[in-house]
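This report describes one protein for a reader who is new to structural analysis. Please keep the sequence and the model in view while reading.

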Amino acid sequence: MIFDGKTLDGWKQVGPGSFEKAEEGFKTVGGMGLLYYEKETFGDCVIRVVYKVGDDRDNAGVYVRIAEEPDDPWYAVHNGYEVQIVDRGSPLSQTGAIYSFSEAKKIESRPGAWNTMEITLDGEVIAVSVNGEPVSRFDPTSDEIPPPRNDIDPKRQPRKTIGYIGLQNHGDDDLVYFKEVSIKPLKAEKAGD
């Protein structure tokens with residue numbers, strides 16, 4: 001487990017927002033920011049994130065494959081992928097979507113309750129499940145990639161398959177809690193391949 005909801009050891013904050021200790025875990029506070037795990041980069045693995053939102057408008061995300069250590073939160077937007085947390089809006093920006101690249105097929109999260117998101121990174125492929133239900137799958141080598149919708153959508157450029165991971169705090173009015181982040185390498189599951 002790299003995030004136990006008790007300390008931020010090994011994590012570094014960039015941007016104006018921050019994370020504050022809450023009764024259970026940490027909550028997002030303030031404007032756009034990124035809390036990233038600075039001790040290690042990850043390749044093929046399953047990332048398990050336990051989170052909670054107050055209502056369907058609360059916005060955050062989990063960043064994967066961030067190419068280099070970021071010095072501002074926008075670096076992760078354009079040089080990694082964001083797995084979205086927000087239960088309204090376009091399917092390209094709903095919980096479980098690979099933000100602006102691949103739609104969430106359905107909403108499986110429960111506002112006000114703890115939810116478990118699993119993000120599987122396998123080569124180029126990113127697959128997301130929420131509360132045990134598959135929500136999205138994205139393969140940049142074969143899927144049709146929609147054009148950017150606006151100037152702040154992520155750049156359409158290749159990403160590395162190994163990178164840092166991070167948690168996003170989105171805005172002043174967004175309240176999202178994170179209680180756990182753990183990593184399980186895929187190699188253990190692929191033994192014998």
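## Sheets, overall form and salt bridges

Seven strands form an open sheet in the order E2-E3-E12-E5-E8-E9-E10, with antiparallel pairing; two strands pair if DSSP finds at least two bridges between them. Its edge strands, each pairing on one side only, are strand E2 (18–21) and strand E10 (133–138). On average, neighbouring strands of this sheet are turned by 30° against each other, direction ignored; such angles run from 0 to 180 degrees between N-to-C directions, with axes fitted as lines to C-alpha atoms. Strands of a sheet pair through backbone hydrogen bonds, either parallel or antiparallel.

The model is predicted: local features need pLDDT of at least 70 and side-chain atom pairs count only at pLDDT 80 or more, whereas totals for chains, interfaces and linings use all residues. Residues are numbered from 1 along each chain as its sequence is written, and side-chain values use heavy atoms, with hydrogens and water left out.

At the edge of the sheet, E2 pairs with strand E3 (residues 26–29) in the antiparallel sense over 4 bridges. Within this pairing, Ser18 has Val29 in E3 as its bridge partner.

A second open sheet has 5 strands in the order E1-E4-E11-E6-E7, again with antiparallel pairing. Strand E1 (11–14) and strand E7 (81–85) are its edge strands, each pairing on one side only. Here the average turn between neighbouring strands is 20°, direction ignored. Strand E6 (residues 60–66) pairs with E7 in the antiparallel sense over 5 bridges, and Gly61 has Gln84 in E7 as its bridge partner.

In total, the protein contains 1 helix and 12 strands; these are DSSP runs numbered from the N terminus, with helices (H or I) of at least four residues and strands (E) of at least two. Along the sequence they follow the pattern β-β-β-β-β-β-α-β-β-β-β-β-β. The radius of gyration is 15 Å, close to the 16 Å that the globule rule gives for 193 residues, so the protein is as compact as a globular protein of that length. This radius is taken over C-alpha atoms, and the rule is 2.2 Å times the number of residues to the power 0.38.

Of the 193 residues, 50% count as buried. Buried means under 20% relative accessible area, exposed means over 50%, and partly exposed lies in between (1.4 Å probe, protein chains only). One buried residue is Ser129, with a relative accessible area of 16%, and its place is in strand E9 (residues 125–130). Leaving aside neighbours within four places in sequence, Ser129 is in contact (heavy atoms within 4.5 Å) with Thr116, Met117, Glu118, Pro134 and Val135.

The structure holds 8 salt bridges, each a side-chain nitrogen of Lys or Arg within 4 Å of a carboxyl oxygen of Asp or Glu. The table lists some of them.

| Salt bridge | N to O distance |
|---|---|
| Arg48 and Glu180 | 2.4 Å |
| Glu133 and Lys106 | 3.6 Å |
| Asp153 and Arg149 | 3.1 Å |

Arg48 in strand E5 (residues 45–53) and Glu180 in strand E12 (residues 176–185) are 132 residues apart, so their pair links distant parts of the chain. Arg48 is partly exposed at 28% relative accessible area, whereas Glu180 is buried at 17%. In the third pair, Asp153 is buried at 3%, while Arg149 is partly exposed at 38%. Finally, Lys106, Glu108 and Glu133 are linked in a network of salt bridges.
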